[in-house]
Amino acid sequence: MTASLGLGTYRVRGVEQAARTACADGLVWIDTAPNYGSAHQALGPVIADHPRAMVATKTGFFTPDEGAAACRDGLLTAVQVRAGHSLDPGFVRWQTERSLAALGRIDLLFVHNPEHAGLSPTELHPALRDVFAVLEEFAAAGRIGGYGVATWSGFQHDAFSVSELLGLAIEAAGSGEHHLRAVQQPVSLVMARPIALALDGRGPLVLARAAGLITFGSSPLHGGELPGLVTTELAEFIRPGASPGTACLLAAASCPSLDVVLLSAGSAHHWAAAKATTAAPLDPGHLRKVTDVLAQG
């Protein structure tokens, strides 16, 4: 079963129109973050107009302007502002309040690349537990639907595992009734290890799905760079007649145990073409042949 298509808003020009196009489909995930330019401000009116759309944002990274505001409010020091990322519980609470004010509602709040904090595992896990405790408060009060972890390399470099995240959520909530709801990681022909592991019934996506978490795949086109790296021969092997971009998206969206693949689609044509692509996934056997070809390259 193919992953559903969600809208990623990183580097999307005309975010409001892109979101309105995606939201016209009704039940769709819109994924954003406070450091994605002016996305929060642009998305607020769209979200208000489309109650069925599901909204995911993040906490951790911040823009220079938001960092300066946090410094003025006493949440961050000048040194912390220069880092551009914070897992400080007070800052997380402050940033989440700002995000709620801008977006109107938050169905899912991801802790954004916690491995970027530069902490050792013995330091990172307690820091994550403290962040989760803040987000448990928001969720218990009905102010966010739940929370998750969006990571670029955390699973790959063993900064944490799905079982460890679940354990930290239980500790943060004080019981098994926690609000950890999702994980997000890159899934693409460049970041292909999650696909290979899932095909073998292993890895974070499989474990997260088995635990009842929603699984999100980010950067299926690797920031727009991947289609230029894929040969016409590889695209043809993935699916006869497919363009490199279509082939890249198709491979990511066909990953087993992936619920949502996030694409930064800036135009209605791009969104419609992506929907058509993800509606016809690759057979797992053929996807395995694709990953085998990549492993030999």
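Two strands count as paired if DSSP finds at least two bridges between them. Keep that in mind as you work through these exercises on a predicted model.

**Exercise 1. Find out which strands pair with E7, and which residues stand opposite Gly 217.**

Solution. Start with strand E8, residues 260-263: 2 bridges join E8 to E7, and the two run parallel. That meets the cut-off of at least two bridges. Here Gly 217 of E7 has Val 261 of E8 opposite it.

Now try strand E6, residues 180-186. E6 pairs with E7 over 5 bridges, again in the parallel sense. Gln 185 is the residue that stands opposite Gly 217 this time.

Last step: how enclosed is strand E7? Of the 5 residues in E7 (214-218), 4 are buried, so the strand is largely enclosed by the rest of the structure.

**Exercise 2. Do the same for strand E4: describe its cover and its bridges.**

Solution. First, the cover: 5 of the 5 residues of E4 are buried. Next, sort them by direction. Leu 108, Phe 110 and His 112 point one way, while Leu 109 and Val 111 point the other way, and all are buried.

Then look at the partners. Strand E3 (residues 54-59) pairs with E4 in the parallel sense over 4 bridges, and Thr 57 has Leu 109 as its bridge partner in E4. Strand E5 (residues 147-150) also runs parallel to E4, joined by 4 bridges. On that side, His 112 stands opposite Ala 150.

**Exercise 3. Classify the ring pair Trp 29 and Phe 216, then place it in the chain.**

Solution. The structure holds 7 aromatic pairs, so take this one from the list and check it against the 6.5 Å cut-off for ring centres. The centres of Trp 29 and Phe 216 lie 5.3 Å apart with planes at 80 degrees, so you can call the pair edge-to-face. Trp 29 sits in strand E2 and Phe 216 in strand E7, 187 residues apart, which links distant parts of the chain. Are the two buried or exposed? Both are buried. To finish, add Phe 110: together with Trp 29 and Phe 216, Phe 110 forms one aromatic cluster.

**Exercise 4. Work out how helices H5 and H6 meet.**

Solution. Begin with the axes. Those of H5 (residues 89-103) and H6 (residues 121-140) come within 9 Å and cross at roughly 35 degrees. The crossing is right-handed. Then pick out the residues in contact: H5 brings Pro 89, Val 92, Arg 93, Thr 96, Glu 97 and Leu 100, and H6 brings Asp 130, Val 131, Val 134, Leu 135, Glu 137 and Phe 138. Sorted by class, that makes 7 nonpolar, 1 polar and 4 charged residues.

**Exercise 5. Say what stands out in the phi angles of Asn 113 and Ser 257, and where the two residues sit.**

Solution. Start with the general rule: most residues other than glycine have a negative phi. Asn 113, though, has a positive phi near 45 degrees, and Ser 257 has a positive one near 65 degrees.

Now locate them. Asn 113 lies in the loop between strand E4 and H6, and Ser 257 in the loop between helix H12 (244-253) and E8. Finally, compare with the burial cut-off of under 20%. Asn 113 has a relative accessible area of 16%, so Asn 113 is buried. Ser 257, at 17%, is buried too.

Notes:
Residues are numbered from 1 along each chain as its sequence is written. This is a predicted model: local features need pLDDT of at least 70, side-chain atom pairs count only at pLDDT 80 or more; totals for chains, interfaces and linings use all residues. Side-chain values use heavy atoms; hydrogens and water are left out. Buried means under 20% relative accessible area, exposed over 50%, partly exposed in between (1.4 Å probe, protein chains only). Axes are lines fitted to C-alpha atoms, for helices over the stretch in contact, and angles run from 0 to 180 degrees between N-to-C directions. A crossing is left-handed if the near helix is turned anticlockwise from the far one by less than a right angle, and right-handed if clockwise. Contact means heavy atoms within 4.5 Å. Ala, Val, Leu, Ile, Met, Phe, Trp, Tyr, Cys and Pro count as nonpolar, Asp, Glu, Lys and Arg as charged, and the others, Gly among them, as polar. Rings of Phe, Tyr and Trp (its six-membered ring) pair if their centres lie within 6.5 Å; planes under 30 degrees apart count as stacked, over 60 as edge-to-face and the rest as tilted.
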